[in-house]
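Student: I have a chain open on my screen and would like to talk through how it is put together. Could you take my questions as they come?

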Amino acid sequence: MCALPLAAAAVTAPRTQLRLFGRGLAAAMSTARPLKSVDYEVFGRVQGVCFRMYTEDEARKIGVVGWVKNTSKGTVTGQVQGPEEKVNSMKSWLSNVGSPSSRIDRTNFSNEKTISKLEYSNFNIRY
């Protein structure tokens with residue numbers, strides 16, 4: 001654990017890292033290849049169990065961008081974009097983990113494709 005306060009650590013960090021941080025996640029990933037995009041729909045007990053909040057948190061930890069939202073039919077749907085290996089990690093999480101109180105019966109993935117650049121700058125919950 002770093003003993004320096006966050007502000008002091010930012011001041012002492014190398015300038016190149018600060019520039020990269022300032023450009024955002026999308027800019028940092030734009031140089032990684034190949035980039036993938038995939039749509040998903042998760043079936044099971046996925047509403048009323050903080051599934052969207054946990055999905056947003058996990059996506060940010062993994063380092064992918066996109067969105068998640070509830071549907072009127074009781075599922076959760078969304079899109080994930082990022083480097084192929086990170087998208088695959090998120091697909092695994094959406095298929096097998098979810099939020100602590102959720103029950104994932106199945107996850108459908110569609111429209112998986114290689115993309116030249118990210119369409120989103122972060123990962124958000126949509127309403």
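Student: What covers the buried residues of H3?

Tutor: This is a predicted model, and in it the cover over the buried residues of H3 includes E1, E2, E3, H4, E4 and strand E5, the last of these being residues 123–125. The buried residues themselves are Phe-51, Thr-55, Glu-56, Glu-58, Ala-59 and Ile-62.

Student: And which way do residues three or four places apart on an α-helix point?

Tutor: They point the same way, because an α-helix has 3.6 residues a turn. In H3 you can look at Phe-51, Thr-55, Ala-59 and Ile-62 with that in mind, since they are among its buried residues.

Student: How far apart are the end C-alpha atoms of H3?

Tutor: They are 16 Å apart, and that agrees with the 16 Å that the 12 residues of this helix, 51–62, should span at 1.5 Å a residue. After H3 comes Gly-63, which has a positive phi near 100 degrees.

Student: Let me step back to the whole chain. What pattern does the protein follow along the sequence?

Tutor: Read along the sequence, the pattern is α-α-β-α-β-β-α-β-β, which comes to four helices and five strands. Of the 127 residues in the protein, 39% are buried, and among contacts with a separation of 6 or more, 77% are between residues 24 or more positions apart.

Student: Which residues have the most contacts inside the largest nonpolar core?

Tutor: They are Tyr-40, Val-42, Phe-51, Val-64, Val-80, Met-90 and Leu-94, in a core of 19 residues. The elements that give two or more residues to this core are E1, H3, E3, H4 and E5, and H4 has the largest share with four residues.

Student: Phe-51 has come up more than once, so what does Phe-51 touch?

Tutor: Setting aside residues up to four places away in sequence, Phe-51 touches Val-42, Val-46, Val-76, Trp-93, Leu-94, Gly-98, Ser-99, Ser-102 and Ile-104. Two of these, Val-42 and Leu-94, are also listed with Phe-51 among the residues with the most contacts inside the core.

Student: Changing topic to charges: how many salt bridges are there?

Tutor: The count comes to five salt bridges. One of them joins Lys-73 to Glu-41, with the closest N and O atoms 3.2 Å apart. Lys-73 lies in the loop between strand E2 (65–70) and strand E3 (76–83), while Glu-41 is in strand E1 (residues 35–45), so this pair ties together parts that are 32 residues apart in sequence.

Student: Is Lys-73 buried or exposed?

Tutor: Lys-73 counts as exposed at 59% relative accessibility, whereas its partner Glu-41 is buried, with a relative accessible area of 16%.

Student: What about Lys-91, which residue does its side chain meet in a salt bridge?

Tutor: The side chain of Lys-91 meets that of Glu-112, at 2.8 Å from N to O. This pair also links distant parts of the chain, with Lys-91 in helix H4 (residues 84–96) and Glu-112 in strand E4 (residues 103–115), 21 residues apart. Here Lys-91 is the buried partner at 17% relative accessibility, and Glu-112 is partly exposed at 39%. Another salt bridge, between Arg-103 and Asp-105, has an N to O distance of 2.8 Å, and its Arg-103 is partly exposed with a relative accessible area of 46%.

Student: Which side chain of opposite charge is nearest to Lys-36?

Tutor: That is Glu-84, at 4.2 Å. A salt bridge needs the nitrogen within 4 Å of a carboxyl oxygen, and Lys-36, although buried, has no salt bridge. Lys-36 is found in strand E1, and its side chain makes a polar contact with the side chain of Thr-114 at 3.2 Å. Beyond its neighbours within four places in sequence, the contacts of Lys-36 include Val-80, Val-87, Glu-112 and Ile-115.

Student: Last topic, backbone angles. Where does Cys-50 lie?

Tutor: Cys-50 lies in the loop between E1 and H3, and its phi is near 60 degrees, a positive value in a residue other than glycine. Most residues other than glycine have a negative phi. Cys-50 is partly exposed, with a relative accessible area of 45%. Asn-111 also has a positive phi, near 55 degrees, but Asn-111 lies in strand E4 and counts as exposed at 51% relative accessibility.

Technical notes: Residues are numbered from 1 along each chain as its sequence is written. This is a predicted model: local features need pLDDT of at least 70, side-chain atom pairs count only at pLDDT 80 or more; totals for chains, interfaces and linings use all residues. Side-chain values use heavy atoms; hydrogens and water are left out. Buried means under 20% relative accessible area, exposed over 50%, partly exposed in between (1.4 Å probe, protein chains only). The expected span of a helix is 1.5 Å times one less than its number of residues. Contact means heavy atoms within 4.5 Å. A nonpolar core is a set of buried Ala, Val, Leu, Ile, Met, Phe, Trp, Tyr and Cys residues joined through side-chain atoms within 4.5 Å. Lys and Arg count as positive and Asp and Glu as negative; His and the chain ends are not counted. A polar contact is a pair of N or O atoms within 3.5 Å; within protein, one must be able to donate a hydrogen and the other to accept it, and residues adjacent in sequence count only if both atoms are side-chain atoms.
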